[in-house]
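Please open the model in your viewer and keep the sequence panel beside it. The stops below can be taken in order.

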Amino acid sequence: MSSSNSDTTNLDRKWWKEAVVYQIYPLSFNDSNGDGIGDLKGITSKLDYVKSLGVDVIWLNPIYSSPNKDNGYDISDYKNIMQAFGTMNDFDDLLKGMHERGLKLVMDLVVNHSSDQHEWFQQSKRSRDNPYRNYYHWWPAEKGKPAHRWSFFDVNGDAWQYDESTNSYYLHYFGDFQPDLNWENPKVREEIFNMIKFWFDKGVDGFRMDVIPFISKDITFPPLPEKYHGDYISYYAHGPHLHEYLREMNEKVLSKYDVMTVAEGVGITTNDAHLLVDPDRNELNMLYHFEGMGLGLLPNQFKVPDPNGFNLVEFKNIYTRWDEIFKDKGWGTVYLGNHDQPRMVTRWGDDAPEFRELSSKMLTTFLMTMRATPYYYNGDELGMNNIKFDSIDDYRDVETLNMYQQIKNNGGDLKSFLEAQKIMARDNSRTPFQWDDSANAGFTTGMPWLKVNPNYRTINVAAEENNSNSCLNYFRKMVKLRKDNLVLVYGKYTLLDKGNKHVYAYTRELNNNKLLVLLNFSAQDAEVNTGIDINNAKILISNYTSINTSNLLRPYEAVVYELE
Ligand code: TEU
Ligand code: CA
């Protein structure tokens with residue numbers, strides 16, 4: 001093991017900077033009672049597996065009471081557990097099981113909106129003078145239709161929903177079943193801060209904050225300002241009081257606990273990232289951005305992949321820019337997949353049989369060797385890839401179903417939409433976790449809520465557990481390499497061979513320790529010119545079992561060298 005963990009005096013060390021975060025999608029992880037839906041007891045029974053990965057923090061997607069129209073992102077009771085997931089006792093057991101294993105739990109805070117079934121909204125819609133009326137954004141219809149706001153999930157893309165009970169419109173940036181909460185109302189903020197405190201007092205170690213940049217609205221609801229034309233997401237993410245509310249949250253709750261916070265930074269760019277995560281801003285610790293996720297998609301279309309794929313030079317520039325802005329202050333994150341994205345090996349690697357494992361390991365090497373907290377999605381450690389549904393009937397995701405309906409209503413091209421969804425649909429990463437080659441991949445003894453990928457017979461934990469060259473064991477080795485080499489956490493990052501269209505090459509340096517990372521993102525042999533002599537360098541890890549005797553990188557080859 002290298003002596004890389006030596007002088008760390010001038011590092012602003014934090015546990016959440018040194019952590020590897022593993023995201024568990026509760027609906028699809030493990031079903032303990034045969035109803036085809038993952039649940040908390042199912043997760044608890046697999047905590048030894050999670051611990052065996054070497055990860056430190058679990059990010060759990062929402063488990064609160066919900067009608068489940070957006071898989072838990074429509075919450076009807078913030079202080080209770082969704083019935084299908086179990087009870088509060090099951091939660092307490094899960095948290096205890098995690099803490100006993102030295103695992104921390106980060107929950108999902110979904111407070112830009114609630115479910116329309118939440119008691120607050122049920123009251124709010126009753127009358128214009130109901131005490132809960134101003135918990136949401138209402139527009140009295142006698143004033144005419146309010147200025148257009150775009151909705152992510154609405155079939156008509158319209159974020160205003162007319163409600164006849166009080167002859168008014170209510171705002172919903174997402175589904176019409178997800179009314180936006182009115183953060184301009186101090187009572188709403190107080191309710192939310194109390195709820196956060198409730199979970200922290202139970203021992204939860206932090207929150208991932210769902211679309212938190214959207215929470216502040218200009219409640220005069222003016223027409224979209226000129227500078228945001230064609231870009232509602234940026235307008236939503238730059239409301240008038242966002243930072244005021246986050247500072248209030250920090251001062252009243254976050255600052256009183258040793259917790260971790262990460263914003264889902266939709267709409268946030270490198271220009272305003274510091275406003276959210278600089279330590280002296282006293283707002284949040286981290287954010288994850290979407291700049292990389294837009295690469296390789298055709299402009300002005302809904303998630304349509306470019307047939308030419310993505311441009312690696314652009315990819316490298318984005319991740320380099322996000323490293324650079326945090327080189328002195330603040331801290332970054334890195335991810336390539338989650339429950340809103342397709343499987344990373346399909347999207348960023350190559351899931352053809354001959355390259356799926358190699359490219360999965362290459363992507364894992366990237367995620368574990370950047371100066372940022374890695375967020376790793378459950379199943380990616382197995383090399384799970386997209387299920388690529390042929391029929392709309394196989395989809396469950398409101399985003400896909402409503403977009404399909406919108407295109408159908410407009411007489412659009414449904415065939416090409418379904419082709420694009422084979423690559424980009426969120427359901428691709430939500431198929432049941434693949435434990436073994438028994439029925440339904442060992443996920444459930446019942447009918448799974450979403451089809452299991454038929455390749456579960458060969459891609460599963462049991463098949464990979466005892467194969468030292470499996471994606472699973474490569475992931476474990478990469479996590480250990482990061483833990484054993486603090487240079488991979490805090491070390492200076494330098495991009496090399498910038499213009500190389502196929503290879504991502506960079507060094508990491510801390511004190512007298514210098515590592516070189518070479519990643520071939522292509523299916524061909526590739527040249528790389530780093531100017532570094534690797535003849536006497538030590539190979540710390542490689543995704544090939546044989547030694548490379550040529551001076552070219554083999555297809556999807558990943559190597560980490562320790563330089564003298
Ligand atoms: O996602 C916010 C977001 O930007 C989503 O619209 C997502 O990126 C989508 O795929 C864009 O096309 C959060 C949650 O992660 C997501 O699962 C929820 O559906 C959404 O908010 C509403 O809560
Ligand atoms: Ca279940």
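The tour goes through two sheets, the helices on one of them, two further helix pairs and a ring pair.

**Before you start**

This is a predicted model, in which local features need pLDDT of at least 70, side-chain atom pairs count only at pLDDT 80 or more, and totals for chains, interfaces and linings use all residues. Residues are numbered from 1 along each chain as its sequence is written, chains are lettered from A and ligands numbered from 1 in the order in which they are written, and side-chain values use heavy atoms, with hydrogens and water left out.

Helices (H or I, at least four residues) and strands (E, at least two) are DSSP runs, numbered from the N terminus. Two strands pair if DSSP finds at least two bridges between them. Axes are lines fitted to C-alpha atoms, for helices over the stretch in contact, and angles run from 0 to 180 degrees between N-to-C directions.

**Stop 1: the sheet of 3 strands**

Select 138-140 and 160-163, which are β6 and β7, the edge strands of an open sheet; each pairs on one side only. The order across this sheet of 3 strands is β6-β8-β7, and the pairing is antiparallel. On average, neighbouring strands here are turned by 30° against each other, direction ignored.

Add residues 168-171 for β8, which is joined to β7 by 4 bridges. Which residue of β8 does aspartate 163 face? Serine 168 stands opposite.

**Stop 2: the sheet of 5 strands**

Next comes an open sheet with the strand order β14-β15-β16-β18-β17 and antiparallel pairing. Its edge strands are β14 (492-496) and β17, each pairing on one side only. From one strand to the next, the twist averages 20°.

Start at the β14 edge. β14 and β15 share 5 antiparallel bridges, and leucine 496 of β14 stands opposite alanine 505 in β15. The hairpin of these two strands has 6 residues between them, and aspartate 497 takes a positive phi near 50° there.

Now select residues 503-510, strand β15, which pairs with β16 over 8 bridges in the antiparallel sense. Valine 503 is the residue opposite asparagine 520 in β16.

**Stop 3: helices on this sheet**

Show α11, which lies across β14 and β15 and runs at about 20° to β15. Then show α17 (residues 471-484), which packs on the sheet and touches β17 and β18 (558-563); the directions of α17 and β17 make about 135°.

Keep α17 and add α13 (residues 356-367). The two pack at an angle of about 15°, with their axes 10 Å apart. α13 is therefore roughly parallel to α17 (angles under 35 degrees count as roughly parallel, over 145 as roughly antiparallel, 65 to 115 as roughly perpendicular and the rest as oblique). Their crossing is right-handed (the near helix is turned clockwise from the far one by less than a right angle; anticlockwise would be left-handed).

To see the contact (heavy atoms within 4.5 Å), show side chains including Glu357 and Lys361 of α13 and Tyr474 and Arg482 of α17. By class, this contact has 5 nonpolar, 3 polar and 3 charged residues (Ala, Val, Leu, Ile, Met, Phe, Trp, Tyr, Cys and Pro count as nonpolar, Asp, Glu, Lys and Arg as charged, and the others, Gly among them, as polar).

**Stop 4: α14 and α15**

Select residues 398-409 (α14) and 414-424 (α15), whose axes come within 10 Å and cross at roughly 160°. That makes α14 roughly antiparallel to α15. The crossing of these two helices is right-handed.

Thr400, Met403, Tyr404, Ile407 and Lys408 of α14 meet Leu414, Phe417, Leu418 and Gln421 of α15. The contact divides into 6 nonpolar, 2 polar and 1 charged.

**Stop 5: α7 and α9**

Move to α7 (residues 186-201) and α9 (residues 242-252), with axes that come within 10 Å and cross at roughly 45°. The pair is therefore oblique, and the crossing is right-handed.

From α7, Arg189, Phe193 and Ile196 make the contact; from α9, Tyr245, Glu248, Met249 and Lys252 do. Here there are 4 nonpolar, no polar and 3 charged residues.

**Stop 6: a ring pair**

Rings of Phe, Tyr and Trp (its six-membered ring) pair if their centres lie within 6.5 Å; planes under 30 degrees apart count as stacked, over 60 as edge-to-face and the rest as tilted. By this rule there are 57 aromatic pairs. Select phenylalanine 315 and phenylalanine 521: their ring centres are 5.3 Å apart and their planes are at 55°, so the pair is tilted.

Where in the chain do phenylalanine 315 and phenylalanine 521 sit? Phenylalanine 315 is in α11 (residues 312-324) and phenylalanine 521 is in the loop between β16 (513-520) and β17 (538-542), so placed that the pair links distant parts of the chain, 206 residues apart.
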